[in-house]
Amino acid sequence: LRPLHRRAVLCMSHPDRMIDPSYPERVDISAQLKEPWGYWNSQDRRNFNETLDEDDDIKTVWVVDEAPANGRVSAKDGLKHLLIMFGVLVGVYFAAKATKPEERRPVRDKEFPLNPELK
């Protein structure tokens, strides 16, 4: 899969370090691909006083996944799990319909004496 932020990095590939050489070099990695432990801010996977990248909004943890389920589930397995879930859902629906819940209701439908649709 091609990461979303590659396009932005290719557009801005000029050497910014010539402007301020003391500015830290940026690491071109998404926060989703970083290890989840060992950070001061474990939610955004960032340390205290760590310089924000100019593409931080693209490289954050909260964007669309670059590797769905961290690469543990393939697309074929994901589709299989989705179809199984829909099959179970349809099975529960038909099992509920087979018990005929209309006949076992404790109350009857309300009858309205004046039906405006019949006029």
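**Close-up views of a predicted model**

**View 1. Thr 60 and the residues around it.** With a relative accessibility of 14%, Thr 60 counts as buried, because a residue is called buried when its relative accessible area is under 20%. The model shown here, and in every view below, is a predicted one. Thr 60 belongs to the loop that runs between helix 2 and helix 3, the latter spanning residues 75–98. When residues up to four places away in sequence are set aside, Thr 60 touches Ser 30, Ala 31, Gln 32 and Asp 44.

**View 2. Ile 58 in helix 2.** Ile 58 is part of helix 2, which covers residues 56–59, and its relative accessible area of 26% makes this residue partly exposed. Although Ile 58 and Ser 30 are separated by 28 residues in sequence, their C-alpha atoms are 8.0 Å apart in space. Ser 30 has already appeared in the previous view, where this residue is among those touched by Thr 60.

**View 3. The whole chain, for orientation.** The protein contains three helices and zero strands, so that, when the elements are read from the N terminus on, their order is α-α-α. Of the 119 residues in the protein, 13% are buried. Among the contacts with a separation of 6 or more, 54% are accounted for by residues that are 24 or more positions apart. The protein exposes about 10,800 Å², and carbon and sulfur atoms supply 60% of this area.

**View 4. Arg 45, a charged residue that is buried.** Arg 45 sits in the loop between helix 1 and helix 2, and with a relative accessible area of 16% it is buried. What is the nearest side chain of opposite charge to Arg 45, and how far away is it? That side chain is Glu 35, at 8.1 Å, and Arg 45 has no salt bridge; the distance explains why, since a salt bridge requires a side-chain nitrogen of Lys or Arg within 4 Å of a carboxyl oxygen of Asp or Glu. The side chain of Arg 45 does reach backbone oxygens, however: the one of Ala 31 is at 3.0 Å, and the one of Lys 34 lies 3.2 Å from a polar atom of the Arg 45 side chain. Apart from neighbours within four places in sequence, Arg 45 is in contact with Ala 31, Gln 32, Leu 33, Lys 34, Glu 35, Pro 36, Tyr 39 and Val 61.

**View 5. Two residues with a positive phi.** Arg 45 has a phi near 55 degrees, which is a positive value in a residue other than glycine. Asn 49 likewise has a positive phi, near 65 degrees, and is again a residue other than glycine. Asn 49 is placed in the loop between helix 1 and helix 2. Is Asn 49 buried or exposed? At 70% relative accessibility, Asn 49 counts as exposed, whereas Arg 45, at 16%, is buried.

**View 6. Salt bridges that join separate parts of the chain.** The count of salt bridges comes to three, and two of them are shown in this view. In one, Lys 34 pairs with Glu 50, and their closest N and O atoms are 3.8 Å apart. Lys 34 and Glu 50 both lie in the loop between helix 1 (6–11) and helix 2, so the pair ties together parts that are 16 residues apart in sequence. Both partners are partly exposed, Lys 34 with a relative accessible area of 23% and Glu 50 with one of 32%. In the other, the side chains of Asp 56 and Arg 46 meet at 3.0 Å, N to O. This second pair links distant parts of the chain, with Asp 56 in helix 2 and Arg 46 in the loop between helix 1 and helix 2, 10 residues apart. Asp 56 counts as partly exposed, at 24% relative accessibility.

**View 7. Helix 3, with a salt bridge and a nonpolar patch.** The side chains of Lys 80 and Asp 77 form a salt bridge, with 3.9 Å from N to O. Both residues lie in helix 3, three residues apart, which is about one turn of the helix. Lys 80, at 45% relative accessibility, and Asp 77, at 30%, each count as partly exposed. A nonpolar patch on the surface is formed by Leu 79, Leu 82, Leu 83, Met 85, Phe 86 and Leu 89, which together have about 580 Å² of accessible area. Leu 83, one of these residues, lies in helix 3 and is exposed, with a relative accessible area of 54%.

Definitions and conventions. Residues are numbered from 1 along each chain as its sequence is written. This is a predicted model: local features need pLDDT of at least 70, side-chain atom pairs count only at pLDDT 80 or more; totals for chains, interfaces and linings use all residues. Side-chain values use heavy atoms; hydrogens and water are left out. Helices (H or I, at least four residues) and strands (E, at least two) are DSSP runs, numbered from the N terminus. Buried means under 20% relative accessible area, exposed over 50%, partly exposed in between (1.4 Å probe, protein chains only). Contact means heavy atoms within 4.5 Å. Accessible areas come from the Shrake-Rupley method with a 1.4 Å probe; for residues, only the protein chains shown count as cover. Lys and Arg count as positive and Asp and Glu as negative; His and the chain ends are not counted. A polar contact is a pair of N or O atoms within 3.5 Å; within protein, one must be able to donate a hydrogen and the other to accept it, and residues adjacent in sequence count only if both atoms are side-chain atoms. Patches are made of residues with over 30% relative accessible area and no salt bridge: like charges are joined within 9 Å, nonpolar side chains (Val, Leu, Ile, Met, Phe, Trp, Tyr) within 5 Å.
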